[in-house]
Every structure is written in C-alpha cells, then in structure tokens.
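Colleague: I have some questions about this fold. Could you put it on the screen so that we can go through it together?
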Amino acid sequence: MRKEIMGVTFDDVTLEEAVAAGEALAAGPGFSYVVTPNPEIVAMARQTETYREILNGAGLVLPDGIGVVHAAKILGTPLKGRVPGIDFASALVERLARSGLRLFLLGAKPGVAEQAGENLKKRYPDLLLCGTHDGYFQTDGPVVDQIRAARADVVFVCLGAPKQERWMAQYGPETGAHLMVGLGGVLDVYAG
Ligand code: UDP
C-alpha cells in the first residue's frame with residue numbers, strides 16, 4: 001500500500017517485503033524502476049512536478065532514511081520503517097545471485113563500477129555480473145545499447161539525484177532490462 005508524504009507516495013513495506021517485490025519485478029516481463037527518496041529528494045519533488053511524477057511512477061518508492069519516517073509519523077501517515085537503498089541493493093544482489101538474474105552496474109567515476117562489481121563477485125560468487133559503465137558519459141544511446149547487448153535483467157543506476165531517476169524513467173524501457181534501481185553513491189561504497 002502506498003502512503004503519501006509531502007506529495008511523494010511511499011510504499012509502506014519492510015526491507016524483506018521490498019526485496020521480495022523487487023525480485024518479482026526483476027524476474028517479470030515488464031519494466032519498472034525503484035526510487036529511494038530521502039528528505040532532500042522529497043524537497044526537490046515538491047519544487048518540480050515532472051520529478052514528482054517520475055518518483056510516483058516508480059514500481060517501488062522506498063523511504064531511504066529516518067527523516068522520511070519521522071516526517072511520516074508527524075504527518076499522521078506512519079510507515080513501517082526506513083528501507084535504506086544500500087540495504088535494499090545488498091539484499092537484492094544476494095537474491096539475484098541465487099536466482100541467476102543478470103546485474104549491470106551504471107554510474108560513478110571511471111573504474112568505480114568495475115571495482116564495485118569485483119567486490120560483489122567476491123561476496124556472491126554466483127552473481128551474474130553482465131557489465132559496468134561509469135556515470136560520466138556524454139551521450140545516452142551507446143549506454144542504452146551496452147545494457148541491451150549485455151541482456152541485463154537489473155541495473156543499478158548510480159548517477160545521483162535527480163539525474164538517475166530521470167535517466168531510469170526516460171531510457172529504462174529501451175534497455176530491455178526489467179528493473180532499474182536508483183542508488184546514488186552506493187557504487188562508491190561497494191568499491192571502497
Ligand atoms: N555521478 C555520476 N554521474 C554524474 C553525477 C554523479 O555517476 O553525472 C555519481 C557520483 O560519482 C557518485 C553518485 O553519482 O558516485 C552520487 O553520489 P551522491 O552520494 O552525491 O548521491 P546521493 O546518494 O546523495 O544521491
């Protein structure tokens with residue numbers, strides 16, 4: 001069930017529920033994307049209607065941070081709790097490794113996505129990592145083509161907000177991927 005908090009409709013889910021829903025979307029036939037708004041992102045959405053529509057058009061809208069959870073409570077629409085993007089990502093990767101779905105990492109400075117991928121492969125040897133690309137490209141077409149050629153099921157899109165949400169909504173369907181997850185600085189964390 002979705003609950004509206006300052007214009008953004010959040011999914012009222014636990015981490016486990018979110019990951020189960022994410023895996024089902026990744027294994028399904030369509031395309032959807034996951035957003036993890038923190039208070040900064042909610043504030044941006046209040047300013048810009050098109051951005052708010054992109055957030056609310058996501059398959060999953062997860063409250064990434066205690067600030068959103070506190071605000072929800074104060075506003076009388078309490079949420080089960082926070083679902084940090086990095087926790088969602090890690091739990092999803094574990095499931096992808098088990099189910100044989102293909103993961104592509106997009107974003108961060110050159111070399112970071114590759115290093116993040118190597119570290120994830122060490123932790124989850126069965127993970128099917130099908131490609132990486134840095135986040136400082138000038139043209140979108142070749143990146144879309146690379147994701148499509150890699151036959152990615154899931155793409156972690158780490159371009160920072162609001163760029164990553166706009167990118168997923170605009171280019172996601174063309175890539176043939178089933179699920180994209182906007183994760184900010186998560187590749188830097190995995191690479192570190
Ligand atoms: N980034 C990118 N392309 C850009 C701008 C940013 O790949 O054009 C990356 C940046 O290198 C970093 C991530 O996006 O890895 C943003 O991290 P940050 O922690 O600033 O984002 P937040 O989590 O606050 O949205």
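Colleague: What is the handedness of the crossing of helix 3 and helix 8?
Modeller: In this predicted model, helix 3 and helix 8 cross in a left-handed manner.

Colleague: How close do the axes of those two helices come, and at what angle do they cross?
Modeller: The axes of helix 3 (residues 49–56) and helix 8 (residues 163–175) come within 10 Å, with a crossing angle of roughly 65°. Helix 3 is therefore roughly perpendicular to helix 8, since angles of 65 to 115 degrees count as such.

Colleague: Which residues meet there?
Modeller: Helix 3 contributes Tyr 51, Ile 54 and Leu 55, which meet Glu 165, Arg 166 and Ala 169 of helix 8. By class, the residues of this contact are four nonpolar, no polar and two charged.

Colleague: Helix 7 also crosses helix 8; what are the distance and the angle there?
Modeller: The axes of helix 7 (residues 141–149) and helix 8 come within 9 Å, and they cross at roughly 40°. That angle makes helix 7 oblique to helix 8. The crossing of helix 7 with helix 8 is right-handed.

Colleague: And which side chains belong to that contact?
Modeller: From helix 7 the contact takes Val 144, Ile 147 and Arg 148, and from helix 8 it takes Tyr 171, Glu 174 and Thr 175. The contact of helix 7 with helix 8 comprises three nonpolar, one polar and two charged residues.

Colleague: Before helix 8 there is a proline, Pro 162; where is it found?
Modeller: Pro 162 lies in the loop between strand 7 (154–158) and helix 8. The peptide bond that joins Ala 161 to Pro 162 is cis, with omega of about 5°. For context, most peptide bonds are trans.

Colleague: Let us turn to the sheet. What is the strand order?
Modeller: The open sheet has six strands in the order 4-3-8-7-5-6, and the pairing is parallel. Strand 4 (60–61) and strand 6 (128–133) are the edge strands, each of which pairs on one side only.

Colleague: How many bridges join strand 3 to strand 4?
Modeller: Two bridges join strand 3 (residues 32–35) to strand 4, and these strands run parallel. In that pairing, Val 35 stands opposite Val 61 of strand 4.

Colleague: What about strand 1 and strand 2: do they run parallel or antiparallel?
Modeller: Strand 1 (residues 2–5) and strand 2 (residues 8–11) run antiparallel, and four bridges join them. Ile 5 of the pair stands opposite Val 8 in strand 2. The two strands form a hairpin with two residues between them.

Colleague: What is unusual about phi at Met 6?
Modeller: Met 6 has a positive phi of about 50°, although it is not a glycine. Most residues other than glycine have a negative phi. Met 6 is located in the loop between strand 1 and strand 2, and it belongs to the turn of the hairpin.

Colleague: Back to helices. How do helix 1 and helix 5 cross?
Modeller: The axes of helix 1 (residues 15–27) and helix 5 (residues 85–99) come within 9 Å and cross at roughly 45°. The two helices are therefore oblique to each other. Helix 1 passes helix 5 in a right-handed crossing.

Colleague: Which residues make up that contact?
Modeller: On helix 1 they are Leu 15, Ala 18, Val 19, Gly 22, Glu 23, Ala 26 and Ala 27. They meet Asp 87, Phe 88, Ala 91, Leu 92, Arg 95, Leu 96 and Ser 99 of helix 5. The residues of this contact divide into nine nonpolar, two polar and three charged.

Colleague: Lastly, what is the mean pLDDT, and what are the ipTM and pTM scores?
Modeller: The mean pLDDT of the protein is 98, and 100% of its residues reach 70 or more. The model scores ipTM 0.95 and pTM 0.98.

Notes:
Residues are numbered from 1 along each chain as its sequence is written. This is a predicted model: local features need pLDDT of at least 70, side-chain atom pairs count only at pLDDT 80 or more; totals for chains, interfaces and linings use all residues. pLDDT is the predictor's confidence in each residue, from 0 to 100. Axes are lines fitted to C-alpha atoms, for helices over the stretch in contact, and angles run from 0 to 180 degrees between N-to-C directions. Angles under 35 degrees count as roughly parallel, over 145 as roughly antiparallel, 65 to 115 as roughly perpendicular and the rest as oblique. A crossing is left-handed if the near helix is turned anticlockwise from the far one by less than a right angle, and right-handed if clockwise. Two residues are in contact if their C-beta atoms, placed from the backbone, lie within 7 Å. Ala, Val, Leu, Ile, Met, Phe, Trp, Tyr, Cys and Pro count as nonpolar, Asp, Glu, Lys and Arg as charged, and the others, Gly among them, as polar. Two strands pair if DSSP finds at least two bridges between them.
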